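Here are some exercises to work through with the model open beside you. Try each task before you read its solution.

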Amino acid sequence: MPATPLSKILYTAEAVVEGGRAGHGRTSDGRLDLQLSVPEDMGGQGGPGTNPEQLFAIGYAACFQSALLGVAQGRHLDANDSQITARVGIGPTGHGGFGLQVALDLHAPHLSPAEAADLMTRADERCPYSNATRGNIEVTLTVEGTAIEQIAA
């Protein structure tokens, strides 16, 4: 299925990286400037820097929670004090390359499990990161560690 073109670009982020996973990255506006390090689990030296998977986890969690908060507001549900925990795994695909998998878990103290599961489903339909990854990587959605499919059943 071909990609759907955007009708309008609202914002473009630009970043430059030198040295790959063990290098340095910065955004063109200077708001983000950081050292990158390869985790020991991936054969690297560890080090003080972050890595692409951590950056992706933060980006996906922030975007997903914004989508969830928007859906909650539209449905007059209280998603205040909620948190999204994103776990991004990387590993070999078995075909010579590497792939990612993502798990998103919602903690929402003011929502019932059913309300939270419904919000997760609706946020997944709205979030640009979810739309970009759908069909490309495995994404698991949970509420307090329970799969949303189990909650809905």
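The exercises below go from strands to helices, then to charged pairs and loop residues.

This is a predicted model, in which local features need pLDDT of at least 70, side-chain atom pairs count only at pLDDT 80 or more, and totals for chains, interfaces and linings use all residues. Residues are numbered from 1 along each chain as its sequence is written, and side-chain values use heavy atoms, with hydrogens and water left out.

**Exercise 1. The open sheet**

Task: Work out the strand order of the open sheet of three strands, and find its edge strands.

Solution. Start with the terms: strands (E, at least two residues) and helices (H or I, at least four) are DSSP runs, numbered from the N terminus. Two strands pair if DSSP finds at least two bridges between them. Strands of a sheet pair through backbone hydrogen bonds, either parallel or antiparallel.

Step 1: the order is β1-β2-β3, and the pairing is antiparallel. Step 2: β1 (15-18) and β3 (33-35) are the edge strands, as each pairs on one side only. Step 3: from one strand to the next, the twist averages 10°. Axes here are lines fitted to C-alpha atoms, for helices over the stretch in contact, and angles run from 0 to 180 degrees between N-to-C directions. Step 4: zoom in on β2 (residues 24-27), which pairs with β3 over three bridges in the antiparallel sense. Glycine 25 is found opposite leucine 34 of β3.

**Exercise 2. Following β5**

Task: Determine in which sense β5 pairs with β4, and in which sense with β6.

Solution. Step 1: β4 (83-92) and β5 (residues 98-107) run antiparallel, joined by 10 bridges. Glutamine 83 and histidine 107 of β5 stand opposite each other. Step 2: look at the hairpin of β4 and β5, with five residues between the strands, where glycine 94 has a positive phi near 90°. Step 3: with β6 (residues 138-143), β5 pairs in the parallel sense, over six bridges. Leucine 106 has valine 143 in β6 as its bridge partner.

**Exercise 3. Two helices that cross**

Task: Describe how α1 and α2 cross, and list the residues that make the contact.

Solution. Step 1: the two axes, of α1 and α2, come within 8 Å and cross at roughly 115°. Step 2: the crossing of α1 past α2 is right-handed. For the convention, a crossing is right-handed if the near helix is turned clockwise from the far one by less than a right angle, and left-handed if anticlockwise. Step 3: on the α1 side, the contact (heavy atoms within 4.5 Å) is made by Tyr60, Phe64, Ala67, Leu68, Gly70, Val71 and Ala72. The α2 side supplies Leu119, Met120, Arg122, Ala123, Asp124 and Arg126.

**Exercise 4. Salt bridges**

Task: Count the salt bridges, then look at the one between arginine 122 and aspartate 118.

Solution. Step 1: a salt bridge is a side-chain nitrogen of Lys or Arg within 4 Å of a carboxyl oxygen of Asp or Glu. By this rule there are five. Step 2: in the pair of arginine 122 and aspartate 118, the closest N and O atoms are 2.9 Å apart. Both residues lie in α2 (residues 113-126), four residues apart, about one turn of the helix. Step 3: arginine 122 counts as partly exposed because its relative accessibility is 32%, and aspartate 118 is partly exposed at 29%. The classes are buried under 20% relative accessible area, exposed over 50%, and partly exposed in between (1.4 Å probe, protein chains only). Step 4: another of the salt bridges joins arginine 31 to aspartate 29, at 3.5 Å between the closest N and O atoms. Here arginine 31 is exposed at 77%, while aspartate 29 is partly exposed at 45%.

**Exercise 5. Threonine 133**

Task: Is threonine 133 buried or exposed, and which residues is it in contact with, leaving aside neighbours within four places in sequence?

Solution. Step 1: threonine 133 is in α3 (residues 128-133). Step 2: its relative accessible area is 9%, so threonine 133 is buried. Step 3: with those neighbours left aside, threonine 133 is in contact with Phe56, Tyr60 and Val139. Step 4: a polar atom of the threonine 133 side chain lies 3.3 Å from the backbone oxygen of serine 130.

**Exercise 6. Positive phi in a loop**

Task: What are the phi values of histidine 76 and aspartate 81?

Solution. Step 1: phi is near 60° for histidine 76, a positive value in a residue other than glycine. For aspartate 81, also a residue other than glycine, phi is positive and near 65°. Step 2: histidine 76 lies in the loop between α1 (52-74) and β4, and aspartate 81 is in the loop between α1 and β4. Step 3: histidine 76 is exposed at 74% relative accessibility, and aspartate 81 is exposed at 56%.

Key. A polar contact is a pair of N or O atoms within 3.5 Å; within protein, one must be able to donate a hydrogen and the other to accept it, and residues adjacent in sequence count only if both atoms are side-chain atoms.
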